[in-house]
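Work through the three exercises below with the sequence and the structure at hand, and try each task before reading its solution.

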Amino acid sequence: MSEVLIKTDNLRKTYKSFGDEVEALRGVSLEIYKGESVAVMGQSGSGKSTLLSIIGGLNPPSTGKIEIDGIDLYALSQEKRADFRREYLGFVFQQFQLIPYLTAMENVMLPLTTTSHSGRQKREMAEHVLARVGLAGKMNRLPNQMSGGEQERVAIARAIVNEPPLVLADEPTGSLDTRTGEEIMALFHELNSEGLTILMVTHNPENTTSMGRTIIMKDGQLCTDKAEILQLATRKAR
Amino acid sequence: MSIFQIAFNNLKRRKIKMAFLVVGLVVGVATVVALFSIVQAMRLELGDRLDEFGANVVITPRSEGMELSYGGTQVSEVSFNVQLLTEEDLPKIREIPDGDSVNIISPKIVGAVMADDQNALLVGVDTKREFTMKPWFSLREQAGLAPGQKVRDLALLDIPEDSLLLGSSAARAFGVAPGDTMTVNGREFRVFGVLNELGTEEDGLMYGNLLVVQGLLGRPGEFSMIEVSAYCNFCPVEEIVAQLTDVLPNGRVTALRQAALVREETIDRFSSFGIALSGVVLLIAALVVLTTMLSSVNERTREIGIFRAIGFRQMHVMQIILLEAVMVSVLGGIIGFVVGNVVARAAGPFLAQMSVGVPWNTEMILPSVILAAALSVAASIYPALKAARLDPVEALRFI
């Protein structure tokens, strides 16, 4: 059995919306192991993005605890948590979220900006990952000079440039056509097979076929309804 | 990739907004530089042209007892225990530590005489020195001029030993005109010219050659007073007075600062006005920077959220915003320095009624940049803090 990378214990998150208290998470406990690829599915408002932001160290839970690689994430100060994100996590956001005035190379180098690597090392690391995602010839292009699939690859390269053990992806194929989406999922699969742990939030059942495990969320909780899981398994098989 | 590159690339992208920011800083810095340059030029001009305001130091013989006065200074003739001012005292004046600041030394002798059977005050002067020091004296009429010929500048004239200049009131009282003769203490003099009316007691005086008047009064080599025009930008006149008192124990040295004071007061008022105006303009410039930077931060909310998510500390986000402010301010400071100097040179002579131009104030370039940077950074602290404290989840609309 491999080691546990992410362990959440009874995570709860409530927030106020127009004066009403909304429970986004209602006691989520899960374990994700090193080298796993896990898809989190669920309808809008099911709490999957909230779970991702809490695991990403961006959104403290109301109660409960989360450990990544044995580190109690929210016991760290805000600034230490920023350092933790830089060292341990790679983010792939919805709609790429590249910085528009930076080239592909510069966007990929962003997570290295505050590290102690020399300028040359940063450049070499960025070149390496851009080549890895198939963009060796497009390093100096601005985001608006690239296709959606290429921008997604830049976003993935940015997420893995500092060699984190965990990549969190939020709807990475949401704004791509089917074929490009499949290519991106194949890339994620390759990265996972090289040992990277991936936790991906997705609406698209097709994306779960290349993931090792799928978690279903409903109303802020992990779904334990066997019929629902069976329904998903059937869709996967098709 | 570095924080500097991120800030620099963002500035390149937002050219119009940054140009607006630079203009705000340029206006602020240019105002300060222009006003400062004009005030500085006014102070320099005061030093360079003080001789136009007349003497600012008067040396009279030290004496005791009752004294008569003329022109606010003592005439020692009727005093007792009078110590004399003589030719030997003149070189000592130039030998004081601040002797380089002494522009003109004008010794004179004043005495009561009998002129055409009337009592009068006769002043013996070195005419070139006296009228260079007091340029407001001018001739109304001059003897020997052909019709239509203009009178000459007093400071350039050599007045013959047997001639006198008369104040307008004196000429009227004696009923004489240029070319007439007068008898003073039994000696005959020709009236060389009549001075323009000044509206002061000097209108009632007669002026003659210093050596001749000394002889006429029976006081050869002796002076009633020595007027000195002295000024420097770095030593106050009081310092010069103290030094003169040391070298001339036989004299009483008095500072006459009225003329300089009037000018200094004008400069001080202009300076105070300049400081107030600069303050208002700088405040407006700071508000321009504040609103522009705040708007820039608001536009970049998502971008800042990305920075925070991928591991930028709050301090790094602040650094980006403040670096942008510093980069813009360096440009604003340099342009503001140039514009301020151009404005000072163009508008200075009209604003400050100076007869000389305002020189290029090159030593202001570093203060200009520092001022712009300080202003820009101070006004950007709040936007930078706001950016740093942005909730990354809100910024990325994760929930």
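**Exercise 1.** Determine how many residues each chain gives to the contact between chain A and chain B, and describe the side that belongs to chain B.

*Solution.* In this predicted model, the contact takes 26 residues from chain A and 23 residues from chain B. Turning to the side of chain B that touches chain A, the elements giving two or more residues are α1 (3–13), α9 (301–309), α10 (314–351) and α12 (392–396) of chain B. Sorted by class, the residues of that side comprise 12 nonpolar, six polar and five charged.

**Exercise 2.** Decide whether helices α5(A) and α6(A) run roughly parallel or roughly antiparallel, and find which residues bring them into contact.

*Solution.* Begin with the geometry: α5 (residues 148–160) and α6 (residues 178–193) of chain A pack at an angle of about 20 degrees, with their axes 10 Å apart. Because angles under 35 degrees count as roughly parallel, α5(A) is roughly parallel to α6(A). The crossing of α5(A) and α6(A) is right-handed. From α5(A), the contact uses Gly148(A), Gly149(A), Glu152(A), Ile156(A) and Ile160(A), while α6(A) supplies Thr180(A), Glu183(A), Ile184(A), Leu187(A) and Leu191(A). By class, this contact of α5(A) with α6(A) has five nonpolar, three polar and two charged residues.

**Exercise 3.** Which strands stand at the edges of the six-stranded sheet of chain A, and where does α5(A) pack on the sheet?

*Solution.* Write down the order of this open, mixed sheet, which is β6-β7-β8-β3-β9-β10 in chain A. The edges are β6 (89–92) and β10 (221–222) of chain A, each with a single partner strand, so one side of each has no neighbour in the sheet. At the β10(A) end, two bridges join it to β9 (residues 213–218) of chain A, and the two strands run antiparallel. Finally, α5(A) packs on the sheet by touching β6 and β7 (166–170) of chain A, and its direction makes about 165 degrees with that of β6(A).

How values were computed: Residues numbered from 1 in each chain as written. Chains lettered and ligands numbered in written order. Predicted model: local features only at pLDDT ≥ 70, side-chain atom pairs only at ≥ 80, totals over all residues. Contact = placed C-beta atoms within 7 Å. Helix = DSSP H or I, 4+ residues; strand = E, 2+ residues; numbered from the N terminus. Nonpolar A, V, L, I, M, F, W, Y, C, P; charged D, E, K, R; others polar. Axes fitted to C-alpha atoms, helices over the stretch in contact; angles between N-to-C directions. Parallel < 35°, antiparallel > 145°, perpendicular 65-115°, else oblique. Left-handed = near helix turned anticlockwise from the far one by under 90°. Pairing = 2+ DSSP bridges.
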